Amino acid sequence: MSETLLADGFKAEPYWWEAVPQGTAARQSLPAEADVVIVGSGYAGLSAAITLARAGREVVVIEAHSAGHGASTRSVGMIGGRLRQGYAALAKDFGAKKAHALLSETWNAYGWFRGFVRDENIDCDLALSGRLICAWTARDMEMLKRQAAFLTTTFGIPAHTVDKGGLPAHVATDLYHGAMVLPEDGGIDPAKYHLGLLRLARAHGVQVIEQTPVTGVTENGKATSVTTAAGDIRARDVILATNAYTGRELPWYRRRVIAVGSHMIATEPLAASAVERLLPGGQLVNDTRKLAFAFRASPDRRRLLVGGRALQVDRVDPVAIARRLKQVMVQSFPSLAETRVSNAWEGRVGFTFDRIPHIGRRGNIHHVLGCNGSGIVMGSYLGRCTAELVLSGRSTSHFAQQELPSRPYYNGIPWFMAPMTMALSLQDRARSWFR
């Protein structure tokens with residue numbers, strides 16, 4: 001099976017690393033102190049570092065691996081201005097006013113993000129190609145029609161729908177019942193974007209210390225000591241930007257982040273016209289399955305990338321990931337049955353129990369955690385907001401005004417994900433019988 005499944009030169013690592021190889025920098029010496037120490041070198045950590053450095057703060061970013069080794073160079077690279085939780089769910093949890101404020105801020109954050117990429121001249125293959133949310137069932141299609149109208153009239157987010165008959169002009173599959181079109185959504189190369197942030201941070205004097213795991217954080221009066229494998233560093237303020245990679249050394253925060261495995265594949269290079277036939281509208285594609293999947297073209301439009309939760313457990317088995325996501329791909333695009341997989345990889349998505357991102361402060365320790373699948377835009381935006389919280393002691397962001405919740409008996413190991421994944425998969429299978 002693996003001989004026909006996997007391309008020659010198959011790599012169990014992100015496709016994005018071909019253009020932006022992972023760094024091989026040796027561990028640098030750790031300074032004795034800094035104004036601000038940031039743990040984690042992803043989008044949120046680097047965005048905070050850039051803002052702080054521009055304000056004149058001496059900033060050190062500490063990374064356990066190479067910079068961007070985690071989710072920042074592993075995602076599908078889709079961007080937009082919405083949270084994973086819709087208005088109805090947020091209104092149930094937080095009330096209508098708060099729900100509206102959170103979603104409005106998220107849409108504004110997307111505008112900020114696009115302006116930031118433009119103004120900083122970050123070369124990341126940003127393309128506002130639009131996105132399709134495809135309906136798995138006829139009932140889902142009716143829901144998408146209501147959602148499109150609501151987004152447009154309530155938040156001014158452009159959205160419309162296409163029925164099943166109009167779908168082939170956008171995506172060459174008969175699997176779905178239609179779709180909601182979000183014309184202002186888009187895609188980037190996530191590793192190129194991260195590299196742009198890293199270069200920008202270093203240009204402003206930020207020290208990025210790689211290959212240096214943090215083993216503990218201890219407050220000592222007005223200063224905080226960060227213990228690492230290379231020694232200790234003292235700082236006035238500390239920012240935790242570890243998201244789904246929050247480890248046992250940070251137990252209070254680890255109990256409040258649910259690390260969920262997410263998987264991706266890239267196909268081998270296709271004929272120049274093949275991707276255009278599969279995605280004639282040029283949009284990115286998500287669907288409404290409980291275990292939703294994503295499809296997009298690579299920026300050079302020579303490969304198809306497929307993302308979703310391929311395995312019920314979080315073990316990293318690249319061949320199993322490739323096998324499952326190829327099945328998903330061929331279900332939508334039968335013409336790719338003989339296409340081989342060039343890359344298969346895993347990343348982690350940080351969820352919170354209330355399904356919204358959080359920034360906040362406990363003593364001298366600040367945090368930006370739980371982007372819930374919206375990490376490119378919201379990690380970048382909330383990293384900046386966290387830096388402003390450090391600088392001024394307050395924040396106007398609505399994401400800073402909620403307690404970061406946990407649950408009894410949860411210690412940071414999401415033991416419930418395997419049965420939950422199985423249950424959601426069974427729901428999708430059952431719903432397919434009545435499509």
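The legends below describe close-up views of a predicted model.

**View 1. The open sheet and its edges.** In this predicted model, 9 strands form an open sheet with mixed pairing, in the order S1-S17-S13-S16-S15-S14-S5-S7-S6. Strand S1 (6-11) and strand S6 (160-163) are the edge strands, each of them pairing on one side only. From one strand to the next, the twist averages 25°.

**View 2. The pairing of strands S15 and S16.** Strands of a sheet pair through backbone hydrogen bonds, either parallel or antiparallel. Here strand S15 (residues 293-297) and strand S16 (residues 304-308) run in the antiparallel sense, and their pairing extends over 5 bridges. One of the residues to look for is Ala 294, whose bridge partner in S16 is Gly 307.

**View 3. Helices H5 and H9 on the sheet.** Helix H5 (residues 138-155) packs on the sheet, where it touches strand S5 (131-134), S6 and strand S7 (178-182), and its direction makes about 20° with that of S7. Helix H9 (residues 318-332) lies across S1, strand S13 (258-267), S15, S16 and strand S17 (341-351), and runs at about 65° to S13.

**View 4. The crossing of helices H2 and H10.** The axes of helix H2 (residues 43-54) and helix H10 (residues 375-392) cross at roughly 40° and come within 7 Å, an angle that makes H2 oblique to H10. The crossing of these two helices, H2 and H10, is right-handed. Among the residues that meet there are Tyr 43, Ser 47 and Leu 52 in H2, and Ile 376, Gly 379, Arg 384 and Leu 391 in H10. Taken together, the residues of the contact of H2 with H10 divide into 8 nonpolar, 6 polar and 1 charged.

Methods
Residues numbered from 1 in each chain as written. Predicted model: local features only at pLDDT ≥ 70, side-chain atom pairs only at ≥ 80, totals over all residues. Heavy atoms only, no water. Pairing = 2+ DSSP bridges. Helix = DSSP H or I, 4+ residues; strand = E, 2+ residues; numbered from the N terminus. Axes fitted to C-alpha atoms, helices over the stretch in contact; angles between N-to-C directions. Contact = heavy atoms within 4.5 Å. Parallel < 35°, antiparallel > 145°, perpendicular 65-115°, else oblique. Left-handed = near helix turned anticlockwise from the far one by under 90°. Nonpolar A, V, L, I, M, F, W, Y, C, P; charged D, E, K, R; others polar.
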